[in-house]
Amino acid sequence: MTELIDGKAVAAAVRARVTTRVDALRDGGGGTPGLATVLVGDDAASRVYVSGKHRACADVGMASFDVVLPADAAQEDLHHRIDELAADDRVHGMIVQLPLPDHLDPLAALDRIPAAKDADGLTTVSQGLLATGRPGLRPATPAGVIELLDAYGVELRGADVVVVGRSILVGRPVAALLLERDASVTVCHSKTRDLAAVTRAADVVIAAVGRPRMLGRDHVGPGAVVIDVGINRTDAGLVGDVDADAVSGVARLLTPVPGGVGPMTIAMLLQNTVTAAEQRLGAVAPA
Ligand code: NAP
């Protein structure tokens, strides 16, 4: 029997904790935490994601700032706006909505964000802090994966975990977070020989590939926990990287798509923003 992981419920619990922390900051005279988003262009899907982030801020009592640049904005214009937000005391967390138009360098833009305001946890400094095991704001989607595993009591210490995908956005940071939790981590990618043999032996499989229903019955061992990060738009609607029908009855726990990892990303973004606000307040509080 496969139990579906309820990402909406876990995300709601994270948001409730964030709301409590936002209230405590405000009641303690620390002001209102604020998240700024930077969107370049008018890509419809990105616009929807950004609106969702602003709604979520309002729901937990945070301020939000919506910066939109034209699709033909120059790299320098983008950097200038990021620098302004970095210097703005009302902004505790900030993100650049990806993907950027092709003429822009996303990593150069991300690296303008100070680590203390890096709500997506994706800058080189934040990823370096993670890779070297030091405190910092952690990448939102990977942190959401860990939150889901914790919420369902999945023991990570000593577990064999296979991550499929090695992107900077998901695969690499989720592997680093799992190492932090004492899992034995294997990272697979497009050059991996016999992927199914590797994933089938895992206690936990994390799929972050971007290929609809790529992982099937052969890829999952009996009783495994399967976290599907993939979001693929198909004629049949949104589907994950895992063939949910095929692994149903084999996996012990499985995240549905939608409703699994997806809701966690915004929840963890809010959590990072309130953490950044608390740290800033702590840093500026009189001794
Ligand atoms: P990405 O940058 O395209 O990386 C995909 C990874 O999959 C690469 O490392 C690639 O290997 C690997 N790969 C491709 N084909 C493979 C194959 N046949 N066998 C094994 N590995 C293969 O994608 P991403 O940004 O990590 O995103 C992955 C998925 O997660 C996408 O569907 C995306 O939409 C979704 N996502 C969801 C959320 C959320 O909030 N739920 C957030 C972010 C991303 P190489 O490195 O060798 O090319």
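Guide: Contact means that heavy atoms lie within 4.5 Å. Keep that cut-off in mind. This model is predicted.

Visitor: Which residues is Ile 227 in contact with, leaving aside its neighbours within four places in sequence?

Guide: Ile 227 touches Ile 5, Val 145, Leu 149, Val 205, Ile 206, Ala 207, Thr 255 and Val 261.

Visitor: How many residues does the largest nonpolar core have?

Guide: A nonpolar core joins buried residues such as Leu, Val and Ile through side-chain atoms. Here the largest one has 49 residues. Leu 149, Leu 178, Ile 206 and Ile 227 have the most contacts inside it. Several elements give two or more residues to this core, including α1 (7-27), α2 (44-59) and β8 (225-228). The largest share, 8 residues, comes from α10. The core draws at least three residues from each of domain 1 (30-114) and domain 2 (140-262). Another core lies apart from it, with 19 residues. Leu 78, Met 94, Leu 110 and Ile 113 are among them.

Visitor: What separates the centres of domain 1 and domain 2?

Guide: Taken over C-alpha atoms, the centres are 29 Å apart.

Visitor: Now charges. How many salt bridges does the count come to?

Guide: A salt bridge needs a side-chain nitrogen of Lys or Arg within 4 Å of a carboxyl oxygen of Asp or Glu. By this rule the count comes to 12. Take Arg 15 and Asp 59: their closest N and O atoms are 4.0 Å apart. Arg 15 sits in helix α1 and Asp 59 in helix α2, 44 residues apart, so the pair links distant parts of the chain. Asp 59 counts as exposed because its relative accessibility is 57%. Arg 15 has 25%, so it is partly exposed.

Visitor: How many residues apart are Arg 81 and Glu 84?

Guide: They are 3 residues apart, about one turn of helix α3 (residues 75-87), where both lie. Their side chains meet in a salt bridge, 2.1 Å from N to O.

Visitor: Which parts does the pair of Asp 83 and Arg 112 tie together?

Guide: Asp 83 and Arg 112 form a salt bridge of 2.7 Å, N to O. Asp 83 lies in helix α3, while Arg 112 lies in the loop between α4 and α5 (124-131), so the pair ties together parts that are 29 residues apart in sequence.

Visitor: What about Lys 53: is it buried or exposed?

Guide: Buried means under 20% relative accessible area. Lys 53 is buried, yet has no salt bridge. Asp 120 is the nearest side chain of opposite charge, 5.0 Å away. That distance is beyond the 4 Å limit, so the pair does not count. Look instead at Gln 97: its side chain makes a polar contact with the side chain of Lys 53, at 2.8 Å. Lys 53 is in helix α2. Beyond residues up to four places away in sequence, Lys 53 touches Ile 95, Gln 97, Ile 266 and Leu 269.

Visitor: Next, the backbone. Which residues does a cis peptide bond join?

Guide: One such bond joins Leu 98 and Pro 99, with omega about 0°. Pro 99 lies in the loop between β4 (93-96) and α4 (106-110). A cis bond also joins Val 257 and Pro 258, again with omega about 0°. Pro 258 lies in the loop between β11 (253-254) and α10.

Visitor: Where does Asp 182 lie?

Guide: Asp 182 is in the loop between α7 and β6 (184-188). Its phi is positive, about 70°, although Asp 182 is not a glycine. Its relative accessibility is 44%, so Asp 182 counts as partly exposed. Arg 213 has a positive phi too, about 50°. Arg 213 is found in the loop between β7 and β8.

Notes
Residues are numbered from 1 along each chain as its sequence is written. This is a predicted model: local features need pLDDT of at least 70, side-chain atom pairs count only at pLDDT 80 or more; totals for chains, interfaces and linings use all residues. Side-chain values use heavy atoms; hydrogens and water are left out. A nonpolar core is a set of buried Ala, Val, Leu, Ile, Met, Phe, Trp, Tyr and Cys residues joined through side-chain atoms within 4.5 Å. Buried means under 20% relative accessible area, exposed over 50%, partly exposed in between (1.4 Å probe, protein chains only). Helices (H or I, at least four residues) and strands (E, at least two) are DSSP runs, numbered from the N terminus. Domain bounds come from an automatic or database domain assignment. Lys and Arg count as positive and Asp and Glu as negative; His and the chain ends are not counted. A polar contact is a pair of N or O atoms within 3.5 Å; within protein, one must be able to donate a hydrogen and the other to accept it, and residues adjacent in sequence count only if both atoms are side-chain atoms.
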